[in-house]
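Biologist: Please choose one residue for a close look, state what surrounds it, and then place that part within the rest of the model.

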Amino acid sequence: MTFEQLGLTDELLQAVAEQGYTAPTPVQQQAIPLVLAGRDILAGAQTGTGKTASFTLPLLQRLAENHDPHQKPRRVRALILAPTRELAAQVYESVVAYGKFLPLHVEAVVGGASIGIQTRQLRRGCDIVVATPGRLIDHIKQRNINLSNIEILVLDEADRMLDMGFLPDVRQIMSLLPKQRQCLLFSATVPNAIKALAASVLTNPAEVEVAKQNATADNITECVYGINREYKRELLSYLIGSNNWKQVLVFVRTKHGADRLEKQLIEDGIRTVALHGDKTQGARNKALEYFKTGKVQALVATDIAARGLDIDELPHVVNFDVPQVPEDYIHRIGRTGRAGASGVAVSLVCPEEAWMLIEIEKLLKRQIPRIADTGYEPVSLKVMDAPKKNAPHKVTGKKDFRHTKKPANRAAKPTAGKPAAGKARKRP
Ligand code: AMP
C-alpha cells in the first residue's frame, strides 16, 4: 500500500515524501481513509505506530478542501488536545511539517509558555490549535479563543488525559464545540473509562485497532535484572559505559529521584540531564534538545515528563524504578522500537519491586526474560516478595500501586547484595 492509494492530495504526498516515509504504517492505512470520509474514529494505537500522521494528514486535507483564503481573521476549525506539553509540542511540529505546502496556520497553546504571546497569536487567527487542556481553559476564560467553528476535534492519548485528571476540563471544552463535528479519539489502551468517554463524544465511530491491547512492539528486546536497590545506580553506569550506549532514556519514579540520579551518573562520567515536571519549560526543551542532538547520553525522566517524547530511533530504555502503574510499562518501553526500528528495554528490579513486576507480567500475559548473571549476588524476584495474601498492603483487582504500602517482608540485609567475589563491576 502507498500513500497515493490512501487518497491524499499532492501537497500532503510531497510533505510525507520529505519526511522520508515510503509507505503508510498500519494505523495510517486504516485511519486515513476513514477520516477523509468524515467518520468519527476510536483508535487503539500506542505511541510509535505513526498515529500522529494518521490523524494529522487527513485533518489537514479536510480543512484545505474548504479553506477560504478571504476569511479574516482565520477561524479555529480544528482542535487537537494532548495531555502533556511535550506531546502537544510534537504534534504541533508534525502539523507544521505535514502542512508545509498548505495555506493553513497552526498555533500551540500549552502551559509553561507565555500566555501573552499565545493570546496575541490566537487573536491574530489560526485554522488549527494544538493544546493541553489546562492552558486552553485559561484562554477560554479570558475569551481569547472561540471554539464555535470547530469542525474536527482530536483527543490524543486520551487514556493518559484521563489518568492525569483532565476529564472535567475535556468535558468543559467539549461543551463549547458545535454538535456537528468530527471527533477522533486516540488512546494507547482502551479501558472502560475510555469506552465511556467514546460513547459520549463519538457518533457511530469506526474502530481502529493496530496493536493488540496491552501488547508491546515485537521489535523491542526486553530483559529484567534482579538487583538490590543500592546497586542499581552502579549497574546502570556499568551498562551504559560497558555497552557504550549513546542514547538511553532512564525512567525514575520521582522528580527528586531524577535529580539525584542525574547527579550520580554525572559523577560516574556519564553525560546526563534530568527531565521532570518541576523544570521550567525552557529547561525541559533544552534537556530534550541536548538528548536529541547527542550532547548528553542519558535522559533521566519521570513518566509524565517523558510522555509523548518522540526521539527517532531511540535505542535504549531503562526502567530504573519499576513503573507504579503496570500500563506505564507499555508506555515507557514504547519510547524505543518506534516506526520499525529495533530497541532494547532493560528493567532493574529490586526484591521490593518484584510484585509490581509480576503485575506487569500479568498484564502482558507473558514473562519478561531475566538476566541470570547480573554480576551481583542473585536476588529473588519470586512471588514471595509480593504482598502476602490478606496482608494489609494486598492489591486487589487494582493495578495501581501508588497508594499501597510497600511489602513489609522484604529487603535483603544491607550487605547481602554486594557484588559476588571477582565479579564487582568496574566503573565505566
Ligand atoms: P507517532 O506514533 O505518531 O508518535 O510516530 C512515531 C514515529 O514514526 C515518528 O517519528 C514519525 O515521524 C514516524 N513515522 C510516522 N509515519 C511514518 C511512516 N509512514 N513511515 C516511517 N516513519 C513514520
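Modeller: In this predicted model, Ile 128 is a suitable place to begin. With its neighbours within four places in sequence left aside, Ile 128 is in contact with Leu 59, Leu 60, Leu 63, Ala 78, Ile 80, Val 95, Leu 104, His 105, Val 106 and Glu 107. These partners can be related to the named elements. Leu 59, Leu 60 and Leu 63 are among the contacts of Ile 128, and α3 spans residues 51-65. Ala 78 and Ile 80 are also contacts of Ile 128, and β2 covers residues 78-81. Val 106 and Glu 107 complete the set of contacts, and β3 is the strand of residues 106-109.

Ile 128 belongs to the largest nonpolar core, which has 39 residues; together with Leu 57 and Ile 80, Ile 128 touches the most other members. The largest share of this core comes from α3, which supplies 6 residues. A second core, separate from this one, has 33 residues, including Met 174, Leu 177, Ala 198 and Leu 202. As a general background, nonpolar side chains in soluble globular proteins tend to be buried together.

The strands just mentioned lead to a sheet. Seven strands form an open sheet with parallel pairing, in the order β3-β4-β2-β5-β6-β1-β7. The edges are taken by β3 (106-109) and β7 (206-209); each has a single partner strand, so one side of each has no neighbour in the sheet. On average, neighbouring strands of this sheet are turned by 15° against each other, direction ignored. Within the sheet, β1 (residues 41-44) pairs with β6 (residues 182-187) in the parallel sense over 4 bridges, and Ala 43 has Phe 186 as its bridge partner in β6. β1 is also joined to β7 by 4 bridges, and these two strands run parallel; here the bridge partner of Gly 44 in β7 is Glu 209. The edge strand β7 has two unlike faces: Ala 206 and Val 208 form the covered one, whereas Glu 207 and Glu 209 form the uncovered one.

Several loops show backbone details that merit inspection. In the loop between α3 (51-65) and β2 (78-81) lies Pro 73, and the peptide bond that leads to Pro 73 from Lys 72 is cis, with omega near -10°. The loop between α6 (133-141) and β5 (152-155) holds Arg 143, a residue other than glycine that nevertheless has a positive phi, near 55°. Arg 143 counts as exposed because its relative accessibility is 74%, over the 50% cut-off for that class. Asn 244, in the loop between α10 (232-243) and β9 (248-251), is not a glycine but has a positive phi of about 55°. With 48% relative accessibility, Asn 244 is therefore classed as partly exposed.

Further along the chain, the loop between β13 (343-349) and α15 (354-364) contains Cys 350. Its relative accessibility is 0%, so Cys 350 counts as buried. Beyond four places in sequence, Cys 350 contacts Ile 227, Asn 228, Arg 229, Lys 232 and Leu 381. Asp 321 is 29 residues from Cys 350 in sequence, and their C-alpha atoms are 8.7 Å apart in space. The helix that follows this loop, α15, has 10 of its 11 residues buried, and is therefore largely enclosed by the rest of the structure. Among those buried residues are Trp 355, Met 356 and Leu 363, and also Glu 359 and Glu 361. Their cover includes β8 (220-226), α14 (326-333) and β13. Just after α15, Lys 365 takes a positive phi of about 60°.

For the chain as a whole, the secondary structure comprises 15 helices and 13 strands. Of the 428 residues, 54% are buried. Among contacts between residues at least 6 apart in sequence, 77% join residues at least 24 apart. The chain exposes about 19300 Å², of which carbon and sulfur atoms supply 51%. The confidence of the prediction must be kept in view: mean pLDDT is 84, and 84% of residues reach 70 or more. Over residues 384-428, however, pLDDT stays under 50, and the model has 79 contacts beyond four places in sequence for this stretch.

Terms used
Residues numbered from 1 in each chain as written. Predicted model: local features only at pLDDT ≥ 70, side-chain atom pairs only at ≥ 80, totals over all residues. Heavy atoms only, no water. Buried < 20%, exposed > 50% of the residue type's maximum accessible area, 1.4 Å probe, protein only. Contact = heavy atoms within 4.5 Å. Areas by Shrake-Rupley, 256 points an atom, 1.4 Å probe, with all protein chains shown as cover. Core = buried A, V, L, I, M, F, W, Y, C linked by side-chain atoms within 4.5 Å. Pairing = 2+ DSSP bridges. Axes fitted to C-alpha atoms, helices over the stretch in contact; angles between N-to-C directions. pLDDT = per-residue confidence, 0-100.
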